[in-house]
Amino acid sequence: MESIKTPNSSPPTIDERMNIVFIGHVDHGKSTIVGRLMADTGNLPQGKLEEVKESCLRNARPFEYAFLIDALKDERNQNITIDSARVFFKSTQRYYIIIDAPGHIEFIKNMVTGASRAEAAMLIIDASEGVQENSRRHGYLLKLLGICQFSIVINKMDLVDYRQSVYENLCSEYGAYLTEIGIQPKSFIPVSGQDGDNIVEISRHMPWYKGPTVLQTLDSFEKKRSLVDQPLRLPVQDIYRFTEFGDKRRIVAGTILSGCFSVGDEVIFYPSGKHGCVKSIEGFNIMPTRSAQAGQATGFALEHQLYTKRG
């Protein structure tokens, strides 16, 4: 069942929020890119960068921007991402929840859990290692999860001397694979997460690249409309009919998957195509109400009885 009316979409505001997942093969630099993005945009807690650098100096370890994100003790010791880390980030366009998903095959279920909450994705590939098994697997999982907005980040360009040929070969190889499985990235971005090239600022090392930075790409992703703002979808779970005390109501019941409706709205049932006008919204032991929206289990009666079936 769906509603005939379509809600108006509202323009984005600075209050807009979006979930972004960073995925890719292990050690291809997801956490480094996220850490650098946070540092270069001033989104770190005060003193956090200095604290981590001091800790690395104390322990005679080289500083890595990934340490800003990988907070678990096992991750610090082994320098890998085990679970999906969530960090909060703000650009001039919107607020983000960045999900830094793990890259090991052993933690693929954690990657799927993190990506399932995302509206867009950044898939990281190491320029020096090239396309790996998990690079292909993660691309395919994006398709299965229905994440249509994503970009490919070719990281560690500093390790290949910022060569344009390496970037173009990877774009060609991975682009062909994505075309084969039926998805298309928004862009391919050559970066160096450790040095900050093309993360927030355009890199002077890659004048041949004329595309957007990682930050610009994030802000270019379109926010999905909320479930309430989408057209009404309500699978009919059951039809309840009352006969006692002269009650002749036939109540259509189900859970609203998307959209909303109110008393007086006209709805259409599929596959029959029958139309009906909502007379009342019903519920067990609830106060009288004139509207219902996505997520609610509800029932409603029509002005004129229609024969319809569950499903």
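Which residue in β6 is the bridge partner of Ile 125? In this predicted model, the partner of Ile 125 in β6 is Ile 154, and the strands that hold these two residues make a good place to begin.

## Strand β5 and its partners

β5 and β6 run parallel and are joined by six bridges. Between these two strands the chain passes through α5, and the resulting β-α-β crossover is right-handed. β5 also pairs with strand β2, which spans residues 17–24, again in the parallel sense and over five bridges; in this pairing Ile 20 stands opposite Ala 120 of β5.

β5 is mostly covered, with seven of its seven residues buried. The cover lies on both faces, since Ala 120, Met 122, Ile 124 and Asp 126 are buried on one side, while Ala 121, Leu 123 and Ile 125 are buried on the other.

## Helix α6

Helix α6 runs from residue 164 to residue 181, and its 18 residues reach 26 Å from the first C-alpha to the last, which is close to the 26 Å expected at 1.5 Å a residue. Its buried residues are Val 166, Tyr 167, Leu 170, Cys 171, Tyr 174, Gly 175, Tyr 177, Leu 178 and Ile 181. Because they cover an arc of only 160° around the axis, these residues lie on the same side of α6.

Among the elements that cover the buried residues of α6 are β5 (120–126), α5 (133–145), β6 (150–155) and β7 (188–190). On the face turned away from the buried side, α6 carries the exposed residues Asn 169, Ser 172, Thr 179 and Glu 180. Just after the helix comes Gly 182, which takes a positive phi of about 90°.

## Two nonpolar cores

In soluble globular proteins, nonpolar side chains tend to be buried together. Here the largest nonpolar core has 58 residues, and those with the most contacts inside it are Ile 20, Met 122, Ile 152, Ile 154 and Tyr 174. The element that gives the most to this core is α6, with eight residues. Apart from this core lies another, of 13 residues, among them Val 236, Ile 256, Ile 281 and Phe 300.

If residues up to four places away in sequence are not counted, Ile 20 touches Tyr 96, Ile 97, Ile 98, Ile 99, Ala 118, Ala 120, Met 122, Leu 218 and Phe 221.

## Residues in the loops

Thr 41 is found in the loop between α1 (30–40) and α2 (48–58), where it is partly exposed, with a relative accessible area of 26%. Leaving aside neighbours within four places in sequence, Thr 41 is in contact with Phe 89, Val 200 and Leu 215. Thr 41 and Thr 92 are 51 residues apart in sequence, and their C-alpha atoms are 10.0 Å apart in space.

Two asparagines have a positive phi, a value noted here in residues other than glycine. Asn 198, with phi near 60°, is found in the loop between β7 and α7 (214–220) and counts as buried, at 1% relative accessibility. Asn 285, with phi near 55°, lies in the loop between β12 and β13 (291–293) and counts as exposed, at 73% relative accessibility. A further loop, between β11 (266–268) and β12 (275–282), holds Pro 271, and the peptide bond from Tyr 270 to Pro 271 is cis, with omega near 10°.

How values were computed:
Residues numbered from 1 in each chain as written. Predicted model: local features only at pLDDT ≥ 70, side-chain atom pairs only at ≥ 80, totals over all residues. Heavy atoms only, no water. Helix = DSSP H or I, 4+ residues; strand = E, 2+ residues; numbered from the N terminus. Expected span 1.5 Å × (residues − 1). Buried < 20%, exposed > 50% of the residue type's maximum accessible area, 1.4 Å probe, protein only. Arc of directions from axis to C-beta. Contact = heavy atoms within 4.5 Å. Pairing = 2+ DSSP bridges. Right-handed = clockwise from strand over helix to strand, strands pointing away. Core = buried A, V, L, I, M, F, W, Y, C linked by side-chain atoms within 4.5 Å.
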